[in-house]
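Welcome to a short tour. Keep your viewer open, and be ready to select, colour and rotate as you read.

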Amino acid sequence: MNKEIILITGASGQLGTVLTEQLQEKFGLDNVIATDLRSREQYSGRFEILDVTDMDALTAIVLKNNVTQIYHLAAILSANGEKFPLRTWDINMQTFFNVVEVSRLYKVDKVFFPSSIAVFGDNIQRENTPQTTNLTPSTVYGMSKVAGENWANYYFDRYGLDIRSVRYPGVIGYQSLPGGGTTDYAVDIFHKAVAGENYESFLNAGTTLPMIYMEDAIRATIELMDAPKEAITIRTSYNLAGMSFNPAELALEIKKTYPAFEISYATDFRQAIADSWPMSMDDSDARKDWNWKPKYDITSLTEDMIKNLKPAIQEIEMV
Ligand code: AKB
């Protein structure tokens with residue numbers, strides 16, 4: 001078997017931070033090249049500053065290191081993307097095209113492209129949203145993900161590029177902070193609760209969305225990439241589910257540990273985005289094709305978030 005050399009774009013982001021560490025463990029510290037526009041604090045392993053819109057810079061890294069797999073995480077998310085729609089489209093699509101083109105031209109073996117629940121919009125069944133349904137997203141981020149899914153399918157059909165994808169729900173983890181998404185409240189709320197503060201939610205009490213714990217999200221990514229090529233029947237992107245809950249339900253879970261914790265509501269433009277998304281997802285294709293099964297529910301997620309965030313906050317308080 002050839003040695004795998006992994007390149008990660010957007011490695012300093014919420015998912016990238018944790019995925020980089022997991023891939024370093026799996027493939028070895030020297031075989032993983034993390035890249036981003038900004039560097040990470042306390043970084044261990046190989047890191048290069050890379051603007052993925054720069055095709056020459058991306059090509060140079062791929063060729064110099066004989067990269068065999070790319071995890072392309074760099075993107076502008078749903079809420080931030082609405083501030084600069086055309087720029088978001090340009091950046092999300094240009095980085096995508098650079099990654100698939102460099103992979104096609106220089107024979108990268110496998111590519112991972114994250115899609116999102118943001119691909120859904122009008123005229124969908126909101127509960128247990130099926131794999132195949134109307135895709136009319138309400139955000140530019142969602143539009144770029146639908147386009148990416150279709151281009152991924154095209155690159156597989158036309159060029160045989162082994163590109164794989166999941167539609168991530170909102171990802172919740174203690175290790176890193178999300179940047180500019182609509183599901184960010186579900187991470188922010190824990191930081192407030194553990195610091196002994198209340199939380200003002202930008203989504204209303206009953207906004208139920210699909211969510212996934214970081215550990216499950218990373219495991220899904222690695223299991224999908226490890227699956228035999230023949231098992232992958234969906235080359236756009238797989239629906240992926242962890243759990244579903246709304247801000248009021250999450251606050252109730254947090255109150256089990258912090259009874260004085262209170263949530264209040266002041267919605268903004270992100271409410272309309274969330275309202276256009278599914279409440280829960282049918283991920284039966286992922287379960288069937290590569291044995292996907294989430295481990296965490298709202299109770300175990302809450303316990304783990306608090307257990308891990310508490311020492312970090314206490315450390316900050318002592319400094
Ligand atoms: C966002 O809220 O934009 C992301 C996502 C669901 O893709 N977390």
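A crossing of two helices is called right-handed if the near helix is turned clockwise from the far one by less than a right angle, and left-handed if it is turned anticlockwise. Keep that in mind at each stop, and remember that the model in your viewer is predicted.

**Stop 1: helix 2 and helix 4**

Select residues 55-65, which form helix 2, together with residues 85-105, which form helix 4. Their axes lie 10 Å apart and meet at an angle of about 40 degrees. That angle makes helix 2 oblique to helix 4. Look from the side, and use the rule above: helix 2 passes helix 4 in a right-handed crossing.

Now show side chains. From helix 2, pick Met55, Leu58, Thr59 and Val62; they meet Asn98, Val99, Glu101 and Val102 of helix 4. Five of the residues in this contact are nonpolar, two are polar and one is charged.

**Stop 2: helix 6 and helix 8**

Next, select helix 6 (residues 185-194) and helix 8 (residues 247-257). Are these two roughly parallel or roughly perpendicular? The angle between them is about 30 degrees, with the axes 11 Å apart. Angles under 35 degrees count as roughly parallel, so helix 6 and helix 8 are roughly parallel to each other. Here too the crossing of helix 6 past helix 8 is right-handed.

Light up Tyr185, Ala186, Ile189, Phe190 and Ala193 on helix 6, then Pro247, Leu250 and Ile254 on helix 8, which they meet. Try colouring by residue class: this contact has eight nonpolar residues, no polar ones and no charged ones.

**Stop 3: helix 1 and helix 7**

Move on to residues 14-27 (helix 1) and residues 214-226 (helix 7). This pair packs at about 55 degrees, and the axes are 10 Å apart. Helix 1 is therefore oblique to helix 7. The crossing of helix 1 past helix 7 is right-handed.

Which residues of helix 1 meet helix 7? They are Gln14, Leu15, Val18, Leu19, Gln22, Leu23 and Lys26, and their partners in helix 7 are Met214, Ala217, Ile218, Thr221, Ile222 and Asp226. In this contact you will find eight nonpolar, three polar and two charged residues.

**Stop 4: the two domains**

Zoom out and give each domain a colour. Domain 1 covers 6-170 + 212-239, and domain 2 covers 171-211 + 242-279 + 296-318, according to the domain assignment. Their centres, taken over C-alpha atoms, are 25 Å apart. The contact draws 28 residues from domain 1 and 30 residues from domain 2.

About 2,500 Å² is buried between domain 1 and domain 2, and carbon and sulfur atoms give 63% of that area. To finish, select Gln14, Arg126 and Tyr213: in domain 1 these lose the most area to domain 2, together 30% of what that side buries.

How values were computed
Residues are numbered from 1 along each chain as its sequence is written. This is a predicted model: local features need pLDDT of at least 70, side-chain atom pairs count only at pLDDT 80 or more; totals for chains, interfaces and linings use all residues. Side-chain values use heavy atoms; hydrogens and water are left out. Axes are lines fitted to C-alpha atoms, for helices over the stretch in contact, and angles run from 0 to 180 degrees between N-to-C directions. Helices (H or I, at least four residues) and strands (E, at least two) are DSSP runs, numbered from the N terminus. Angles under 35 degrees count as roughly parallel, over 145 as roughly antiparallel, 65 to 115 as roughly perpendicular and the rest as oblique. Contact means heavy atoms within 4.5 Å. Ala, Val, Leu, Ile, Met, Phe, Trp, Tyr, Cys and Pro count as nonpolar, Asp, Glu, Lys and Arg as charged, and the others, Gly among them, as polar. Domain bounds come from an automatic or database domain assignment. Buried area is the accessible area (1.4 Å probe) that two parts lose on being put together, summed over both.
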